[in-house]
Amino acid sequence: MDAERIVKLSADSVVELIREQAVDAHSKLPLGKRSTERWPFPGTVEVWLPDECYGERHLLATLHNLSPGGLAMRTRRPIPSETRISLAIHQPAMSLYGHAVTRHCTRAPVGYLVGVEFVFGEDEED
């Protein structure tokens, strides 16, 4: 696979990226509480916030974990729940780009842990 491959975000492209890394899944919640497994996944997430967000609208976050339906990332600033964002996940194997909605934002010892759910199959103008 080319190191500079850029791919539109889809469940299949996320699974492909996870398989490239060959990392074991982990779960902090009992079975049945989460619909998919999560994989610890260090890396960078580039985030673009909508115009209605206050302050800087472009930021870099640290990828914490990844699943076919979403991810968790650490940011220096809070992103309110239900905020629609554009993002790109950057890894050596490929970069994925697409849209997501924040589901939670929790204050952490350093910055914030933000969970997002991917939004697939929408062709939008950015």
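**Figure 1. A hairpin joins strand S3 to strand S4 through two residues.** The model is predicted. Strand S3 covers residues 58-67. Strand S4 covers residues 70-75. The two strands pair in the antiparallel sense. Five bridges make up the S3 and S4 pairing. Leu63 marks one of the places to look: its bridge partner in S4 is Met73.

**Figure 2. Arg57 and Asp51 form a salt bridge.** The closest N and O atoms of this pair are 3.4 Å apart. The pair counts because the cut-off for a side-chain nitrogen of Arg and a carboxyl oxygen of Asp is within 4 Å. Arg57 is partly exposed, at 38% relative accessibility. Asp51 has a relative accessibility of 63% and is therefore classed as exposed, since the exposed class begins over 50%. The rule yields a count of four salt bridges.

**Figure 3. Glu82 forms a salt bridge with Arg103.** The closest N and O atoms lie 2.8 Å apart. Distant parts of the chain are linked here, with the two residues 21 residues apart. Glu82 sits in the loop between S4 and strand S5 (84-90). Arg103 belongs to strand S6, residues 95-107. Glu82 has a relative accessible area of 54%, so this residue is exposed. Arg103 counts as partly exposed because its relative accessibility is 38%.

**Figure 4. Glu117 also forms a salt bridge with Arg103.** For Glu117 and Arg103, the closest N and O atoms are 2.8 Å apart. Glu117 lies in strand S7 (residues 112-119) and Arg103 in strand S6, so the salt bridge ties together parts that are 14 residues apart in sequence. The relative accessible area of Glu117 is 38%, which means that Glu117 is partly exposed.

**Figure 5. Glu82, Arg103 and Glu117 are linked in a network of salt bridges.** Side chains of opposite charge can pair when their charged atoms come close. In this view, Arg103 pairs with Glu82 and with Glu117. The network draws on the loop between S4 and S5 through Glu82, and on strands S6 and S7 through Arg103 and Glu117. Glu82 is exposed, whereas Arg103 is partly exposed and Glu117 is partly exposed.

Key: Residues are numbered from 1 along each chain as its sequence is written. This is a predicted model: local features need pLDDT of at least 70, side-chain atom pairs count only at pLDDT 80 or more; totals for chains, interfaces and linings use all residues. Side-chain values use heavy atoms; hydrogens and water are left out. Two strands pair if DSSP finds at least two bridges between them. Helices (H or I, at least four residues) and strands (E, at least two) are DSSP runs, numbered from the N terminus. Buried means under 20% relative accessible area, exposed over 50%, partly exposed in between (1.4 Å probe, protein chains only).
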